[in-house]
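Here are my notes on the structure, set out as numbered points. Please read them with the model open.

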Amino acid sequence: MRRTITSTFLVLALVLMPLSDRAQQQTPAPQNSPPPGAPQTTIPIQVNLVDVLFTVLNRRNKLVPELEKSDFKIWDEKTPQEIRYFSRQSDLPLRIGMLLDTSNSIRDRLKFEQDASINFLFSVLRRNKDEAFVMTFDDEPQIVQPFTSDTGALRDQITRTRAGGGTAIYDAIYEACVKQLSHPPRPPGDQPDVVRRVMILISDGDDNLSTHTRGDAIEMAQRTSVVIYTISTSTQWVSLSQTDPNKTADRKYHLTDGDKILQELAEETGGRAFFPYHVDDLDQSFQDIGDELRNQYSIAYLPTNYVLDGRYHKIRIEVPDHKGYQVRARRGYFARANANVPAAPNPPGGPSR
């Protein structure tokens, strides 16, 4: 009798074994107790947090670095928001894209452009912390030096640039964002992947060859959390020691159409436009950019009206109790709804995540 019962259990076990195997294939293992040696599964969690990096200037365009969380108010599409996180950001790793216009229109200013760019990189980049790349653009953009912290390599590539051809500004901005700044190098060690994405664009602003539009370039910069600082070359740069009255009299009183484009690129992304007159003003422009990058604030909030629809949301930050203070921040973000946009880890100042 016992032998019969044992045989019956063996038959049932053989019959049920394939069903058991199939059930294991179709039913995922519990998330809290994966079997030993099994590959780890990452479950993405959507957190609708919007981070904004910004600077505050007073009436004399001087940085204001000592404000507190209570000094600020923020609106998302005209709806006031609660500030969840606030901090002063003075030590974020920098990822800088140096975009140099090498078209024919700036041929006589190329040497000044090169010298000022090199001085800026040597004064701003910190070894083993900050990195930069160099892109030139005339008929088309070209990355002449990928991301590196080696200022000597950056200098060598900048000094080798030559002028010639047309001007494709929007293509250069778009390509720099997609190919370099959307996935910049991570900071060393186990630090969180939080970096400051910055673009320095030196040009006269007169685009005549791009396949992308100005709107395309601005949108891509906003989607990849890139702040654009622009420096105009539309005025003849002269040395302070210049005595030729025909050159010293060539002072700019009005912005050209190209200058207005450079101004829009900067303002829409939270940067700043500079219009130097003397060569010495160009060095000062770079120094001002470096100072801004070390004296910023970070605000983060959870939008009460957030919808993953890919729509552009306008944001506004104010300092209501300090009249005359101006906030320089990006003007909005995209509520990312699909994976068609280059995915980038979102730093403070980046799009919602």
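1. In this predicted model, Arg 316 places its charged end over the ring of Trp 75, at 4.2 Å from the ring centre. A second contact of this kind involves Arg 223, which lies over the face of Phe 334, 4.0 Å from the centre of that ring.

2. Arg 316 also appears in the lining of the largest pocket, where its neighbours in the list include Ile 315 and Ile 317. The volume of this largest pocket is about 250 Å³. Its lining further takes in Val 52, Glu 267, Gly 270 and Gly 271, along with Val 327, Arg 328, Ala 329, Arg 330 and Arg 331. Two elements, strand E12 (312-318) and E13, give two or more residues each to this lining. The biggest contribution comes from E12, with three residues.

3. Strand E13 has a place in a sheet as well. The sheet is open, has four strands in the order E4-E11-E1-E13, and is paired in the antiparallel sense. Strand E4 (83-89) and strand E13 (326-328) are the edge strands; each has a single partner, so one side of each has no neighbour in the sheet. From one strand to the next, the twist averages 30 degrees.

4. Which strand pairs with E4, and over how many bridges? The partner is strand E11 (residues 296-301), and the antiparallel pairing runs over six bridges. Within this pairing, Ser 87 has Ser 298 of E11 as its bridge partner.

5. The aromatic side chains deserve a separate look. The model has eight aromatic pairs when ring centres within 6.5 Å are counted. One of them joins Phe 72 and Phe 86, with 5.7 Å between centres and 35 degrees between planes, a tilted arrangement. Phe 72 belongs to the loop between strand E1 (50-57) and strand E2 (73-76), while Phe 86 belongs to strand E4, so this pair ties together parts 14 residues apart in sequence.

6. Are the two partners buried or exposed? Phe 72 has a relative accessible area of 3% and is buried, because the cut-off for buried is under 20%. Phe 86, at 22% relative accessibility, counts as partly exposed.

7. Phe 86 has another ring partner, Tyr 297; this pair is stacked, at 6.0 Å centre to centre and with 25 degrees between the planes. Here the link spans distant parts of the chain, as Phe 86 is in strand E4 and Tyr 297 is in strand E11, 211 residues apart. Tyr 297 counts as buried, with a relative accessibility of 1%. Ring pairs join Phe 54, Phe 72, Phe 86 and Tyr 297 into a cluster.

8. A last point concerns Lys 260, which is found in helix H7 (residues 257-269). Its relative accessibility is 47%, so Lys 260 counts as partly exposed. How far apart are Lys 260 and Asp 206 in sequence and in space? They are separated by 54 residues in sequence and by 10.0 Å in space, taken from C-alpha to C-alpha.

Methods
Residues numbered from 1 in each chain as written. Predicted model: local features only at pLDDT ≥ 70, side-chain atom pairs only at ≥ 80, totals over all residues. Heavy atoms only, no water. Pairing = 2+ DSSP bridges. Axes fitted to C-alpha atoms, helices over the stretch in contact; angles between N-to-C directions. Phe/Tyr/Trp six-rings, centres within 6.5 Å; stacked < 30°, edge-to-face > 60°. Buried < 20%, exposed > 50% of the residue type's maximum accessible area, 1.4 Å probe, protein only. Lys NZ or Arg CZ within 6 Å of the ring centre and 35° of its normal. 1 Å grid on protein atoms, 1.4 Å probe; cavity = no way out; pocket = protein on both sides within 12 Å on 5 of 7 lines; lining within 4 Å. Points joined across faces, edges and corners; volume = space filled by probe spheres on them.
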